[in-house]
Amino acid sequence: MKKKEKNLKSNIKRALVICSVIILCLIFLLIILHLTKTEQQEEIRTTEQRDEEIKNIVRPKGEKERMQIYLAEYLKHIEKQEYEQAYQILYAEFKQNFFPSLQSFCSYVQKNYSDLMKVDYTDIQRQGEYYILTVTITNLGELDTQITQKFIIYENALNDYTLSFQAI
Amino acid sequence: MLFFTDLRIKIRNFIKKHKWKVVVFIVVWSVLISINIILQNLTIDTPITTYTPYEPIIENGETMPKKWQDDIEEYIKQYVEYCNQKDYEKAYEMISQNCRNKIYPNLNEFKAYVDYVFSSPKVYTIQNYSNYERIYIYRVRLFEDILATGMTYSDSLLYFEDKFVFTEQNGKLLMAVKSYIGDETMDAMYDDQYMRITVKNKSVMAEEEIYTIEIQNKTEHTIVLADDNTAYEIGFEVEGKNREMIIDENWQRIYVQPNSSNTFTISCTQFYDEGLKTTGIYFNSVRILRSYSGESELKEQEIEQAVSLYSFTLPLE
């Protein structure tokens, strides 16, 4: 009887150890999988995901903050030299009037903005569904200039907007 | 192996013993998860905005019925579209007959307005201004398509402002422009030895009342009622309070030559949505003059030689 009890105890101990090892291995594996996945996710972040992120950011914000975020997003594209993305945001008729081609827009941007900008929001007005933002853009770095410009933003829905600006 | 067998038995016993509790727990948990998923999917991506075109600026307790909101927006949209396209006839037809008669008696006058305001394509914004006795007044601002121009040509936003008035009539909406609400035929008169004044008509606008008066001069002298030489020459009594006649760039002196009749329009500020009544027109500086030149330098001399100087009130009720 004693031998049987001893065997039983040692079996339980062994089973516990095996279980613990398996659980630890699983946790370890999960952590590795999660880390790898996050890295991969970072790499394959799509525009939709970015849009969703911005949506989540602007959802609780008031209109003033939202407009500032939209404008900041547009200017960020310019800073990162993502001219095509910035060009896509512009209002179609405005593009027709002032920048009929992406190239013309690029030339304007390169002439007037630098890759590093400081933006001061001077004024914001709403006229119906149009938002008129007056901003002072300080070009840091090589250009070292300052321009005051008006941006007009029209918001269709959250993070769905179009804009134009004083093409001076 | 015994350990697992023991564990299985324990779990089975637990489930047997607490079968209903487990079922309830699973159901509640599933319902909560489902609600959470549904709510997440139901999140409406409507941006928070302070733009409330259907909430009146002037609150007087009367709200804009929801059933008309889309119709009104559609009306204004269509009207502006026609004006932008210079489709004068269609835009003109959208305006109520009474308003057309009063504001643009013929198409040419309307054309002139459209050509002036819509010299370039315009966009618009609307705002419910006030609602009173089922008359809905909208402020409409027309301005250049700032999205298309980026305000490149103009640093400040210039706009034309108008008040569109929507009236419910037989289950339909009638649209009037230029703040026009309606006309009332009047039956008020003042008569004395020198003159007879008949109030012919009152045009009610969103923010003013315009009276058409006919003055008959019974004398051999010139009657002067207002020539903007002193304040409050003509005023209006609005439920015990006095309001001065509006003198703007279109204003004309009110005087009548001997033995003749003239028709004039005089107006005062009167907000339709306040529901106040104009009870009388007072003439504070009536001059029956032997001679009248209209020159301010000669005014004192002309007054010294006056046949009579007096004032009176013409009751409108």
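Q: In this predicted model, which residue in S2(A) does A:Met117 stand opposite?
A: Where two strands pair, one reads across the ladder from a residue to its partner. Here A:Met117 stands opposite A:Asn139 in S2(A). The two strands concerned are S1, residues 117–127 of chain A, and S2, residues 130–139 of chain A; they pair in the antiparallel sense over ten bridges.

Q: How many residues lie between S1(A) and S2(A) in the hairpin?
A: One counts the residues that link the two strands. In this hairpin there are two residues between S1(A) and S2(A). The turn includes A:Gly128, whose phi is positive, at about 65 degrees.

Q: In which sense do S2(A) and strand S3 pair?
A: S2(A) pairs with S3, residues 146–157 of chain A, in the antiparallel sense, over nine bridges. A cross-strand position to inspect is A:Thr134, which stands opposite A:Lys150 in S3(A).

Q: Where do the side chains of a regular strand point?
A: In a regular strand they alternate between the two faces of the sheet.

Q: What pattern does chain A follow along the sequence?
A: The order of elements is α-α-α-α-α-α-β-β-β-β, amounting to six helices and four strands.

Q: What radius of gyration does chain A have, and what would a compact globule of 168 residues have?
A: The comparison sets the chain against a globule of equal length. The radius of gyration of chain A is 28 Å, whereas a compact globule of 168 residues would be near 15 Å. Along its principal axes, the C-alpha trace spans about 100 × 35 × 25 Å.

Q: What percentage of the 168 residues in chain A is buried?
A: Buried residues account for 16% of the 168.

Technical notes: Residues numbered from 1 in each chain as written. Chains lettered and ligands numbered in written order. Predicted model: local features only at pLDDT ≥ 70, side-chain atom pairs only at ≥ 80, totals over all residues. Rg over C-alpha atoms; globule rule 2.2 N^0.38 Å. Buried ≥ 20, exposed ≤ 12 C-beta atoms within 10 Å, placed from the backbone. Pairing = 2+ DSSP bridges.
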